[in-house]
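Reader: Before I set up any calculation on this model, I would like a close look at one part of it, the stretch that the database record annotates for binding near the start of the chain. Please describe its surroundings carefully, and then follow the connections outward as far as they help.

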2 protein chains.
Amino acid sequence: MDREKAICLVSGGLDSCVTAAIAAARHERLAFLHVNYGQRTERRELSAFREIAAHYGVRETLILEMPHIRCIGGSALTDPDIPVPENALGEEGIPVTYVPFRNAHLLAAAVSWAEVIGAGVIYIGATEVDSSGYPDCRAEFFRAFERAAEAGTRPETRVRVAAPVLHMGKADVVRRGVELGAPLHLTWSCYQGESEACGACDSCLLRLKGFREAGVPDPIPYREG
Amino acid sequence: MDREKAICLVSGGLDSCVTAAIAAARHERLAFLHVNYGQRTERRELSAFREIAAHYGVRETLILEMPHIRCIGGSALTDPDIPVPENALGEEGIPVTYVPFRNAHLLAAAVSWAEVIGAGVIYIGATEVDSSGYPDCRAEFFRAFERAAEAGTRPETRVRVAAPVLHMGKADVVRRGVELGAPLHLTWSCYQGESEACGACDSCLLRLKGFREAGVPDPIPYREG
């Protein structure tokens, strides 16, 4: 086991849960960070975060409010006037659910917290494959952000960014989660619902496809329709 | 005049006011961004921001709340339990007023907003000279952050970071401000006071030294002592 303290960015979704499971298999000392930024299913994601943290016995947790991301706007995920598209997975270009430069805000918070608590690595559950082409979910961005963190923090601070599911398709993420005993039943992915997943938004469609391809039943409830 | 829209990060202090004056001399289209992050003199800085924006007739303004920076902690500037030092300017190392990786949060917000409103350059009033050795106030960090912004935003988004007072001492900042007719009487620098500046904190000492060396009277009120 790695003695280095690791911060996991845990949204409460499938990818971040499996990323946390990977970090838990490698590191003795874990700290979990969750960010509320006015996303539509903020409360539901927060309760998933708390349950996943409890599952792994992580006591060093930080929940941050970033209402400013919603104020900046520019995304269907945070602006109620921009509808969340359904069945838009095949469309080209960057989707309207892209929150401009969002991961920079999450990583900046993680790097600041890493400086305060002495963590050396940040795990983020970003995925390039099967994902929506968000520019802030690419290895090139994470490497560039690592260099910015190196240049912009105390000389003794060294923080790496680990994105272990970045090159996995959703089915691989599900398989890896099952292998590691990740609590997939505690995760939440839907952009629309809070008690039952809608099964129709981009995020649900990707998730369902992943479970189907992995040959594993999705343990969360879906709206009948 | 440059047709490109410029975002200025305006805290309300001397450096950001002169930086805004420089941007105003170069760009027809300006947008001003202010961030409240739980700094001790938050309200005073915000009123300075509003007055400076009014002075330049800037209508595109955004005021963001970033309470999360205070929650992360680690700085005398945001944690009431860590005293703000007085007369610590000669001390070595990074001072306790350093807010871990703070400028990354401010720049992330500015880059997100630049993507939404179509700005191509962000002005930040950071200064290396006479400053306190904050690692996130160095050219190396701004160049690295520019590359992260390039990698983490839409392909069509291009955002530069301009820090025109970075290599100026405080006296040069004052002189440049006077040359450009910057409203220095509207600025606020003190870490302690809100109606009168304390004249004793690091920020006041630097400011007073700058005005003295420039041979210009500081137009703001100081506590008698």
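Author: The answer below begins with the annotated stretch, moves to the sheet beside it, and then turns to a second annotated group, a loop and the contact between the chains.

Residues are numbered from 1 along each chain as its sequence is written, while chains are lettered from A and ligands numbered from 1 in the order of writing. The model is predicted, and local features are therefore given only where pLDDT is at least 70, side-chain atom pairs only at pLDDT 80 or more, whereas totals for chains, interfaces and linings use all residues.

The unreviewed UniProt entry has a "binding site" annotation that covers Val10(A), Ser11(A), Gly12(A), Gly13(A), Leu14(A), Asp15(A), Ser16(A), Cys17(A), Val18(A), Thr19(A) and Ala20(A); UniProt positions follow the numbering used here, feature names are shortened, and annotations may be inferred rather than shown by experiment. At one end of this list, Val10(A) lies in the loop between strand E1 (6-9) and helix H1 (14-26) of chain A, where helices (H or I, at least four residues) and strands (E, at least two) are DSSP runs numbered from the N terminus. Val10(A) counts as buried because 29 C-beta neighbours lie inside 10 Å; a residue is called buried if 20 or more other C-beta atoms lie within 10 Å of its own, exposed if 12 or fewer, and partly exposed in between, with C-beta atoms placed from the backbone. If residues up to four places away in sequence are set aside, Val10(A) touches Ser16(A), Ala20(A), Phe32(A), Leu33(A), His34(A), Phe49(A) and Ile52(A), a contact being two C-beta atoms, placed from the backbone, within 7 Å.

Ala20(A), which the same annotation covers, lies in helix H1 of chain A, and Ala20(A) also counts as buried, since 28 C-beta neighbours lie inside 10 Å. Apart from neighbours within four places in sequence, Ala20(A) is in contact with Cys8(A), Val10(A), Ile52(A), Tyr56(A) and Tyr123(A).

Some of these partners lead into the sheet. Five strands of chain A form an open, parallel sheet in the order E3-E2-E1-E4-E5, where two strands pair if DSSP finds at least two bridges between them. Its edges are strand E3 (60-65) and strand E5 (160-162) of chain A, each pairing on one side only, and the twist from one strand to the next averages 25 degrees. Angles run from 0 to 180 degrees between N-to-C directions, and axes are lines fitted to C-alpha atoms, for helices over the stretch in contact. E1(A) pairs with strand E4 (residues 121-123) of chain A in the parallel sense over three bridges, and within E4(A) it is Tyr123(A) that stands opposite Cys8(A). Helix H2 (residues 42-55) of chain A packs on the sheet, where it touches strand E2 (30-36) and E3 of chain A, and its direction makes about 175 degrees with that of E2(A). Helix H4 (residues 102-117) of chain A also packs on the sheet, touching E1, E2, E3, E4 and E5 of chain A, at about 145 degrees to the direction of E2(A).

For "binding site", the unreviewed UniProt entry also lists Cys190(A), Cys198(A), Cys201(A) and Cys204(A). Cys190(A) is found in the loop between helix H6 (170-179) and helix H7 (202-214) of chain A, and with 24 C-beta neighbours inside 10 Å it counts as buried. Cys190(A) touches, among residues over four places away in sequence, Thr41(A), Ala197(A), Cys198(A), Cys201(A), Ser203(A) and Cys204(A). Cys201(A) lies in the loop between H6 and H7 of chain A.

In the loop between H3 and H4 of chain A, Phe101(A) has a positive phi of about 60 degrees although it is not a glycine, and Phe101(A) counts as buried, with 31 C-beta neighbours inside 10 Å.

Finally, the contact between the chains takes 36 residues from chain A and 36 residues from chain B. On the side of chain A that touches chain B, E3, helix H3 (67-72), H4 and helix H5 (139-152) of chain A each supply at least two residues, and H4(A) gives the most, with ten residues.
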